Amino acid sequence: MSVIKVAILGFGTVGEGVYQTIQSHGEELERVLGSKVEVAAVLIRNKQKKRNIDEEVLITSDFNEILHLPQLDVVIEAIVDKEPPYTFLKQAIQRGCHIITANKEMFAHHGKELLELADSHNVSVGYEATVAGGIPVIQTLRQLLNVNRVSLIQGILNGTSNFILTEMRKRKQSFADALSLAQKKGYAEADPTNDVEGFDAFFKTMILSRIAFGEEPNWQDVEREGITTITSNLIDAAEKFGLRFKHVASITKAGNQIRATVKPVLVGKTHPFYHIEGVENAVNVQSDIVGSITLQGPGAGMFPTASAVIEDLVYVCQHQPSNKNFTKTTAGNYGEEIGQVKELWLIKGLPKNNKNPLITWVAQATDEIAIIKAAREEVEKVMNQQEEAYYFQIIDGYKIERKYEEITLAAL
Ligand code: HSE
């Protein structure tokens, strides 16, 4: 029986998880692929560090040694940064290997080139692990996009941020303690700035946009904000209104324009993201035939991410065309009036005596924190004039608004 030879680049949380899973699920892989899968080599940075890797596996810090192995079928990349991973993967494709990556930043920047190069060398690219950890969102979107027209995608795409927000609310942990726990559990990036400032979710959003709409918005037009402005006070105030902070990416197509935001928002109990807690991620897709679908599952961590890579291993070995569905879907109709439509906002720092007729006060949590109803353009104008002022959109406004109207009326 033939053997499929695999190299793993990087032996951090993801690389080690993949290695262990290939060992633990060898039988399943052999059954579905009809060939045994063997790890031929592992690329590491520090050769001195002790690792639990079989003796017959080549352990090297020189990628050339891997590239020149007599047999190499699949290269799995689980390093960080754009380089050298991009160069390694290009070389692997040129050698005729299928590639799999878990590297969001690199793939957001260079995915298009890698897919084109793979196409011209007749090999496949797996990148399921770049978005939403263990949730098979990329394969699902590919499948769904065969006929459905997607109009809106929303996602909680960073496990570390969701974990921190949950710990701060449920266990009253400080931001720093919650982040440190996320790092210990292997959820956070090597530099957690990418997690808490929204860059990681931004890269994932760009990858999703390309799959769903065949293109990305201009990166500089995307409103990107992390969770570092969210304090325990804000979380408590939101809870009084039955709202939870979630870090949400949103992509829609209005006319010919893709619009994306990546930022903290508030959701109420009826929103599918309200119960997404801890390291979980979720992706809600709205499309014309099926309506609204929400996928949820672990968004980070050793084995959830390894699961996405292993499923990709089967996918690439069966040699699926990776560029499938990279087509433009028909425009959705969302957000034409973004900016002018009145929405609900949780705000901090707008004096209560503000008499702007374009802003309606809906409910007050503390002296400083309140819910208002206003158009985004007005909120931005007014709040940007205040010092230490924050505003967060409430994204399932209709039901919440009814609730507060009832509260306000009852109070009168
Ligand atoms: N640091 C990432 C997260 C890992 O927390 O979501 C998974 O991409």
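Two strands pair if DSSP finds at least two bridges between them. In this predicted model, 4 bridges join β14 (residues 360-364) to β15 (residues 369-375), and the two strands run antiparallel. The points below take up that hairpin, an open sheet of 6 strands, the surroundings of the ligand, the cysteines, and some backbone details.

**The β14-β15 hairpin**
- Strands β14 and β15 form a hairpin, with 4 residues lying between them.
- Within this pairing, W361 has I372 of β15 as its bridge partner.

**The open sheet**
- An open sheet is formed by 6 strands in the order β8-β10-β9-β7-β11-β12, and the pairing in this sheet is mixed.
- Because β8 (223-224) and β12 (291-298) stand at the edges with a single partner strand each, one side of each of these strands is left without a neighbour in the sheet.
- Strand β7 (residues 150-156) runs antiparallel to β11 (residues 280-287), and 6 bridges join the two; one of the residues concerned is L152, whose bridge partner in β11 is Q286.

**The ligand and its shell**
- The ligand has 13 residues around it, and those that come nearest are G159, T160, Y187, E189 and D195.
- Sorted by class, the shell around the ligand comprises 4 nonpolar, 4 polar and 5 charged residues.
- Two lysines approach oxygen atoms of the ligand: a polar side-chain atom of K104 lies 2.8 Å from a ligand oxygen, and an N or O atom in the side chain of K204 is likewise 2.8 Å from an oxygen atom of the ligand.
- D195, by contrast, has a polar side-chain atom 2.8 Å from a nitrogen atom of the ligand.
- On its own the ligand has 250 Å² of accessible area, and the protein covers 94% of this.
- The elements that give two or more residues to the shell around the ligand are α7 (159-170) and α10 (199-213).

**Cysteines**
- A search of the whole structure finds 0 disulfides, and for C97 the nearest cysteine sulfur, belonging to C317, is 11 Å away.
- Why does the sulfur of C317 form no bond with that of C97? The distance between the two sulfur atoms is 11 Å, which is too far for a bond, given that a disulfide requires a pair of cysteine sulfur atoms within 2.5 Å.
- The two cysteines also have their own accessibility classes: C97 is buried, with a relative accessible area of 0%, whereas C317 counts as partly exposed at 23% relative accessibility.

**A buried threonine in β5**
- T101 is found in strand β5 (residues 98-101) and is buried, with a relative accessible area of 1%.
- The side chain of T101 reaches the backbone nitrogen of N103 at a distance of 2.9 Å.

**Backbone details in loops**
- Most residues other than glycine have a negative phi, and most peptide bonds are trans.
- A cis peptide bond, with omega of about 10°, joins E83 and P84, and P84 lies in the loop between β4 (74-77) and α4 (85-94).
- The loop between β4 and α4 also holds D81, which has a positive phi of about 75° although D81 is not a glycine; D81 is partly exposed, with a relative accessible area of 46%.
- E388, in the loop between α13 (376-383) and β16 (390-393), has a positive phi of about 55° although E388 is not a glycine, and E388 is exposed, with a relative accessible area of 63%.

Note on methods
Residues are numbered from 1 along each chain as its sequence is written. This is a predicted model: local features need pLDDT of at least 70, side-chain atom pairs count only at pLDDT 80 or more; totals for chains, interfaces and linings use all residues. Side-chain values use heavy atoms; hydrogens and water are left out. Buried means under 20% relative accessible area, exposed over 50%, partly exposed in between (1.4 Å probe, protein chains only). A residue is near a molecule or strand if one of its heavy atoms lies within 4 Å of it. A polar contact is a pair of N or O atoms within 3.5 Å; within protein, one must be able to donate a hydrogen and the other to accept it, and residues adjacent in sequence count only if both atoms are side-chain atoms. Accessible areas come from the Shrake-Rupley method with a 1.4 Å probe; for residues, only the protein chains shown count as cover. Ala, Val, Leu, Ile, Met, Phe, Trp, Tyr, Cys and Pro count as nonpolar, Asp, Glu, Lys and Arg as charged, and the others, Gly among them, as polar.
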